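Could you walk me through this structure, one selection at a time? I have the viewer open and would like to know what to click on next.

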Amino acid sequence: MTPDGIGAPGAAVAAVPVSPSGSDAVAGVTAAIETAEISGAAKAAGTKAAGTAALAHVRARSTGPLPLGPGEAAPPGMVRLGHGDGTGMALPAWPDGTTPSLLAEYQVPPVAVERSGETRRVLAAALKCCWSDLTADPWPGTPAPVDDVLAAYRALIGRSDDLMRNWAVGALRRLHDSAWLVVADGAVRLGPRCASWPAASHAQLRELVRRLPGPGEEGVPAVLPVAGETGHDAAASLDLPEGADDDLLAPFDERRRAEVVAAFMAVEHAAEPVHEARFPALRDPVLRRVLAEMLRRRGRVLVSGRETWTSGYADDAAAEAGTALGEAERAVLVLVLVHSVAIPRAEGLLPADSWLSPFPAQAEELRRHTLLPIGELEAALRTLRHAGLVTQVKSGEEAGGYVPGPQFHRLTPAARRRLQEELILAAGPHTPLAAAVRARRR
């Protein structure tokens, strides 16, 4: 998901992307890594959109929709979702009204979603329950009891066993964390990302909702509430930006304009770096400069490989935005990097510039080398998986473990160097190499 999400006609339901030691070394490692972005992982932002538009885009991508004060306008290139009391939220707008579903036309896989089937079906069940007036737009809809959403999900799949219910509850949490839904106080409502569905897709969504079964009569066990707001926005509004990139795209004909937009969606939302042979705008220097400027306005830069391209946070914007990860997540991420990258690299099994590893950090190793309770460790690993910072893999007949995730493709050269140094300081703070790093920084 995302990573930030989807918005295809109907594909909003079909393909949701819908993610401690406290030492300086831990903080340094995670500061060098791109802030978590998943099919967007969207925790509640604690501060209002401030500073430049690029920094606002960075914060929205890393922490979720930005809260806006009464009458406060959305930053350039962002959609303003207004509440009845004058406050609102800001969401990044995609260029030319396109959505990440465009990747399917190029057969480019988006960021994978954990248990994507359940996640899609739970979002469909929530849409069935919350979109009560099909003559209006889906967002904001009306709140619906969690029990009704789970009952609609059960009717949709035709099963009611505990395993499917547990998967549905997990999907509700993922959708809440990524702002596709808001779950609190036993109620569910459509989240702000549902407002990003293009108007052209609403007819298809209406037909889908009409065909979905409603909740059954039997109740289901209650789900613990998640922190959030569920009040109904009786006077909700949606303000779209006016062509934030028109000055860049206007000089081109329709074909070249579409090529630039396609390349933008690919580098921003594909799971892996994309080959330039598939996107003319990545091969053409003129179009690539336009693409780079579109990214710059969003606090992003192009990151090149061997004939492949992706995007990442600009170093200055990432430094100002900070990290969205908690202390436990940062500590667990360091452990994964030490066991899957630093140790194999020290043994000559990995090249010095590689952050992808075939040597998973075993779950048992992580348990042995942390003071975190098992529940907190598993919660931290889940957050890191959803953010794309770690990936869970199997290892032959063994239980498998965790390796760095696809977000490590998005490191800029400067971020890679900083991460290399911070990992040296974390893994061997008393080694001569660590001493050399500290001396160079003085």
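Here is a short tour in stops, made on a predicted model.

**Stop 1: helix H4**

Start by selecting residues 116–130, which form helix H4. Put a distance between the C-alpha atoms at the two ends, and you should get 21 Å. That agrees with the 21 Å expected for 15 residues at 1.5 Å a residue.

Now show the surroundings of H4. Eleven of its 15 residues are buried, so the helix is largely enclosed by the rest of the structure. Among the buried ones are Gly 117, Glu 118 and Thr 119, then the run from Val 122 through Leu 123, Ala 124, Ala 125 and Ala 126 to Leu 127. Cys 129 and Cys 130 are buried too.

**Stop 2: the neighbour, H5**

Keep H4 on screen and add residues 146–157, helix H5. As a reminder for this view, two packed helices are described by the angle between their axes and the distance between the axes. Here the angle is about 120° and the axes are 8 Å apart, so H4 and H5 are oblique to each other. The crossing of H4 past H5 is right-handed.

Next, click on Val 149, which belongs to H5. Is Val 149 buried or exposed? Its relative accessible area is 0%, so Val 149 is buried. Then pick Ala 125: its C-alpha is 5.6 Å from that of Val 149, although 24 residues separate the two in sequence. Ala 125 is one of the buried residues of H4.

**Stop 3: charges over rings**

Move to Arg 300 and Tyr 313. The charged end of Arg 300 sits over the Tyr 313 ring, 4.6 Å from its centre. Then select Arg 345 together with Trp 355: the arginine lies over the face of the tryptophan, 4.7 Å from the ring centre. If you are curious about rings paired with rings, the whole structure holds three aromatic pairs.

**Stop 4: Glu 376 on H15**

Select residues 374–386 for helix H15 and find Glu 376 in it. Its relative accessibility is 43%, so Glu 376 counts as partly exposed. Now add Glu 329, which is 47 residues away in sequence and 9.0 Å away in space, C-alpha to C-alpha.

**Stop 5: H16 and H17**

Finish with helix H16 (residues 413–427) and helix H17 (residues 432–441). They pack at about 130°, with axes 8 Å apart, and are therefore oblique to each other. What is the handedness of the crossing where H16 passes H17? This crossing is left-handed, whereas H4 passes H5 in a right-handed one.

Note on methods
Residues are numbered from 1 along each chain as its sequence is written. This is a predicted model: local features need pLDDT of at least 70, side-chain atom pairs count only at pLDDT 80 or more; totals for chains, interfaces and linings use all residues. Side-chain values use heavy atoms; hydrogens and water are left out. Helices (H or I, at least four residues) and strands (E, at least two) are DSSP runs, numbered from the N terminus. The expected span of a helix is 1.5 Å times one less than its number of residues. Buried means under 20% relative accessible area, exposed over 50%, partly exposed in between (1.4 Å probe, protein chains only). Rings of Phe, Tyr and Trp (its six-membered ring) pair if their centres lie within 6.5 Å; planes under 30 degrees apart count as stacked, over 60 as edge-to-face and the rest as tilted. A charge sits over a ring if NZ of Lys or CZ of Arg is within 6 Å of the ring centre and within 35 degrees of the ring normal. Axes are lines fitted to C-alpha atoms, for helices over the stretch in contact, and angles run from 0 to 180 degrees between N-to-C directions. Angles under 35 degrees count as roughly parallel, over 145 as roughly antiparallel, 65 to 115 as roughly perpendicular and the rest as oblique. A crossing is left-handed if the near helix is turned anticlockwise from the far one by less than a right angle, and right-handed if clockwise.
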